[in-house]
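Welcome to a short tour of one protein structure. Have the picture and the sequence side by side as you read, and look up each part as it comes along.

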Amino acid sequence: MNKPGHDYPDRSSDSPRPGAGAGGLLARARVTVTRRDGERVFARDEERPADDPVEILPGAAFAATAATLWEGCRLNLLDVTVARQAYIPGMMILEPDYLLDISALAECVKEHGTHPLYFLHDQLRPRENTAPLLLGNAVNLFFDEILRETAEAPATFAACLAKLFRSAALDLATCPGIDEEFFREMERQFLNLRRVVETDLRARGVHRERGLIEPSFTCERLGLQGRLDFLQLEGEPVVIELKSGKPPYPNFDFSRVGANHRAQASLYRSIIQQMLDVPPGQLNTYILYSRCTRPGTNLRFIHPDATTLPALLDVRNRIVAAEHAIASDGTGEKAREYIASATPGAMISNRDNEPFLSRYIIPDMEGFQRPFAGADPLEQAYFYTLYAFVTREHLLSKAGVAASWRTPAREKLEQGEILVDLEIERDDSWREEAPSIALRVPPREETPGYCPPNFREGDIVVLYERENDSDNVTTRQLFRGTIERLAPHAITIRPRATQRNPAIFRPGGKYAVERDFLDSFGATFRGLYAFLLANSERRALLLNRRPPAVDDTRALTRRYMNEEIDTIVLRAKQAKDYFILVGPPGTGKTSIALKSLVEEFHAEHLDILLLSYTNRAVDEICEALEHMEGGAPPYARVGPELSCAEKFRGRLLERIIAPCRRREQVKAALDDRHIFVATTAAIASKSSLFKLKHFHVAIIDEASQILEPQLVGLLAAKDNAGNNAIEKFILIGDHKQLPAVVLQAPPASAITRPALREIGLTDGRVSLFERLYRLNKHNPAVVAMLRRQGRMHPEISLFPNREFYRGMLEAVPVKHQEEDTPADFTRFDPERPLERLIATKRLLFIPPGSRGAGETGKQNSAEARIVTALLSTYRALCSRNNLQIVPAAAGTGELSIGIITPYRNQIACIRREMARLAAPELAAITIDTVERFQGSQRDVIIYSCCVNDPLQLEFLSSVVEDEGLIIDRKLNVAITRARKQLIVTGNPAILSRDPVYQRLITFIRARAGFIDAPFPEFERG
């Protein structure tokens, strides 16, 4: 057996080119379909070009796949026979870069039939917190603990149950049907697993100390990804998948395996064979039924079946083809047709057990369709249109993930998107508490093209062994985790699954780290379905069929910072359904407005849910709570530990309920908390919270960055009594700053249905915040705007205030807004032009001249050198004036600097130039895109536009029209991050083709901040 990571041998060099007339074999061919002519399919081989396309003869196993192909789609053809002008593949994988999860695909296989529409059911239906599901999670935890135990630290049921409570206390407290018998069944399965691991596995040559616990694989060859329960590669290769439910009927046949379980095991076996080059006869695959108490009945062998994999891949291909068809139709009609086809007649092909089908399966399928049938035409149009929009985003995100293996390692190194040649320094992946893997990062500062890594602490990543350039995430087993610590020459990762096998991470091996990608679309799809299940009055509110109600008898409990805040808090309190608060840059929407709202609602003992889109913004909410009048109230932060700032980790929900050992204790602990804080994604994954808490109000910060389908599911949620889980919601944002990140082009997301346009839904890219704002912007009872900003000096704020906010913003003013000098540089060398300019001018524009030869359009070394020269000058000025450069918030005697640029290539270019300065204090300066800077501020902002071609202006800008004003949302954010000084470098001739940038350049020139001379000459004086 070849070592893990080796690909199948490519026999293509021994095969003739298509059309040569002779036969041959290909292990693999990646082709692009050029046309379909009836049942005939023609394609271009991407690796073996020829004058004429080759014909594809898919055979009976993939006839259904062939009927779905479209021009331009890509195929992986495996085990190909070349016959004259044709390819005859043994297997055909449609759009292999679309990685389908193995568990999801296996659930399309039922005892009563196999069909891709089961994937649709699982995609849309809510994730119910049920006793069988919770038992399955518990048993998986037990299995891992037993596999990891040692003589010094044995796994006991009591210890495992305590750990389960720490990780799933909320689910345990809210799950119906939990009784003493449930816990007795847990213990029975725990004891069964111990017996299986200690006797049955060892008898079959399986040793827990040799195995891998929950290894992950990304198999581009088959278009699949998955995470196994247990894999042994040493000695006799073995795959084990654990199942906690009932074995298939009849229960006296101990060889039977459920159809879906058999499919899942077969798929895992296939990807191991494909990726690790394990011969088919040398990989034993088992399903472990932990519920069986009789010895010898738990482990059930899966016999290889040559017909299984092609049939499963055909189902996979039809799922992908259906998504493509839905995404290609902007009207939503394809979505309507596809969902309507999910009927018992289409999905049930085996009716041997008619009583069971009639009692359980058919009613369940009819129940799935009932919300669609019960929706009126507007509700249906809303669902199908947004479903198609989300499906397009999903497909495009899959293509983005594929860049991880499609982009050459050299290019990723230049962009700081990968760390290579890492060596294990310390392996504590076996530790029960806070496991970690520490790796050495080799020094590369002198390597040509080197870019410091573009990672942050808290990023989710994959770790894999990488011995040569051919190793990547699709050829190696992956270990998923989170960056715990990051230093220039060291990185510490907390693995998602702890291990026992000491040989997993080789001390002399070379490793790589890349960013991981989570498919977050599941909650979005389920949220759209939840809208159809929502209470009718909530659906009517969201579809603007009834106006938001107001109760003007409600009064404030106290006064706040000023009259503006008093008015906003009062209006928000009087709004019964929703309130929209526009928070322009620097107006204190979180630190002042949100905090004041919480203080008011908390004074009335209401349950409050505080949400935002990013973890950084949630940290800011926590910071505001810590400074509430009278001290921080008891609140709970929902989310993973490493995504939370260290100072707030004591507030994490998991830590609050960690001491609990009974469901009643969990409920009591949460009863004492009336404020919960989370990202929208985190609360969507903890929807069981709504079974314990009814929230009187939800305040959603950064709401203008959240797409409507990402939010509507939370607003549609119900509590245990069937009422709206969230009574009232307040959306805080600014539609003139950055919108939600959307991958599809504007024409594709435009909505043309008149009924939807009448309710303000004109584009899928528009947030619910913006839609409701535009519908109510002339109604002061439910819409307000903050106007006093305390961030920017008036000279900096003047341009965005005039261009984007009609002059409605005013300075508070705070101390730095009244200062004459830009950054406290009272001492400077007047003979040094750059020092003089920085010390005296608040706004600067520095043209870079032409970029270097051979540079891409996404980097400009001249601008990078300007940025470096500026940083060097700031160092000198700070030294003269006894100031210290700090990464973020600045206090007395400190100066914070941030660098914004649109491209990762330019980030890399700037970092390479900065490395030449050999200035450790500059290493912590944030260099990032404007999207990552939203919500942040620095004393000084340096904006490298990096526009080398007029075609790049469209990417540089994010333009929206608002009541006659042309708003460039990206430029607005970039400018308004600066507190004391703003410096822009870019090509003025190209930038001036954009009217907003042209006005900015004119504005800076009028204030004598435009440098006309070539920068090198200016710098020399």
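The report below visits strands, single residues and helix pairs in turn. Please keep in mind that this is a predicted model.

**The barrel**

Let us begin with a closed barrel of 5 strands, which runs in the order β1-β2-β3-β5-β4 with mixed pairing. On average, neighbouring strands of this sheet are turned by 50° against each other, with direction ignored.

Strand β1 has β2 on one side of a pairing: β1 and β2 (residues 40–45) are antiparallel and share 6 bridges. Within this pair, Val31 has Asp45 in β2 as its bridge partner. The hairpin of β1 and β2 has 2 residues between the strands, and Gly38 in this hairpin takes a positive phi near 65°.

Strand β1 also pairs with β4 (residues 74–83), again in the antiparallel sense, through 8 bridges. Here Thr32 is matched with Arg74 of β4. Moving on from β2, its antiparallel pairing with strand β3 (residues 54–56) has 3 bridges, and Phe42 stands opposite Glu55 in β3.

**A small open sheet**

The next sheet is open and has 3 strands, in the order β6-β11-β10, with mixed pairing. Which strands stand at the edges? They are β6 (100–101) and β10 (216–219); each has a single partner strand, so one side of each is left without a neighbour in the sheet. The pairing of β6 with β11 (residues 224–227) is parallel and has 2 bridges. In that pairing, Asp101 has Gln225 of β11 as its bridge partner.

The strand pairings with their bridges can be put together like this:

| Strand pair | Sense | Bridges |
|---|---|---|
| β1 and β4 | antiparallel | 8 bridges |
| β1 and β2 | antiparallel | 6 bridges |
| β2 and β3 | antiparallel | 3 bridges |
| β6 and β11 | parallel | 2 bridges |

**Three residues up close**

Now zoom in on Arg30, which lies in strand β1 (residues 24–37). Is Arg30 buried or exposed? Its relative accessible area is 7%, so Arg30 is buried, since buried means under 20%. The side chain of Arg30 makes a polar contact of 3.1 Å with the side chain of Glu220. Not counting residues up to four places away in sequence, Arg30 touches several others, among them Arg44, Asp45, Arg74, Asp97 and Arg406.

A second arginine to find is Arg637, in strand β24 (residues 635–638). With a relative accessible area of 1%, Arg637 is buried. Which residue shares a polar contact of 3.4 Å with the side chain of Arg637? The partner is Asn615, through its own side chain. Beyond four places in sequence, the contacts of Arg637 include Val618, Asp619, Cys622, Ser643, Arg651 and Val677.

The third residue is Leu419, found in strand β16 (residues 418–428). Leu419 counts as buried at 8% relative accessibility. Leaving aside neighbours within four places in sequence, Leu419 is in contact with Val441, Pro453, Phe455, Ile491, Tyr511, Ala512 and Val513. To link Leu419 back to the barrel, look at Arg74: the two are 345 residues apart along the chain, and their C-alpha atoms are separated by 30 Å.

**Two helix pairs**

To finish, turn to the helices. Helix α4 (residues 131–148) packs with helix α6 (residues 180–203) at an angle of about 35°, and their axes are 10 Å apart. The crossing of α4 and α6 is right-handed. Among the residues that meet are Leu134, Phe142 and Ile146 in α4 and Phe182, Met186 and Leu193 in α6. Which classes of residue make up this contact? The contact of α4 with α6 has 14 nonpolar, 1 polar and 2 charged residues.

The other pair is helix α26 (residues 794–804) with helix α34 (residues 995–1006), packed at an angle of about 145° with axes 11 Å apart. The crossing of α26 and α34 is right-handed. Glu795, Leu798, Phe799, Arg802, Glu803 and Phe804 of α26 make the contact with Val996, Arg999, Leu1000 and Phe1003 of α34. By class, the contact of α26 with α34 holds 6 nonpolar, no polar and 4 charged residues.

Technical notes. Residues are numbered from 1 along each chain as its sequence is written. This is a predicted model: local features need pLDDT of at least 70, side-chain atom pairs count only at pLDDT 80 or more; totals for chains, interfaces and linings use all residues. Side-chain values use heavy atoms; hydrogens and water are left out. Axes are lines fitted to C-alpha atoms, for helices over the stretch in contact, and angles run from 0 to 180 degrees between N-to-C directions. Helices (H or I, at least four residues) and strands (E, at least two) are DSSP runs, numbered from the N terminus. A crossing is left-handed if the near helix is turned anticlockwise from the far one by less than a right angle, and right-handed if clockwise. Contact means heavy atoms within 4.5 Å. Ala, Val, Leu, Ile, Met, Phe, Trp, Tyr, Cys and Pro count as nonpolar, Asp, Glu, Lys and Arg as charged, and the others, Gly among them, as polar. Buried means under 20% relative accessible area, exposed over 50%, partly exposed in between (1.4 Å probe, protein chains only). A polar contact is a pair of N or O atoms within 3.5 Å; within protein, one must be able to donate a hydrogen and the other to accept it, and residues adjacent in sequence count only if both atoms are side-chain atoms. Two strands pair if DSSP finds at least two bridges between them.
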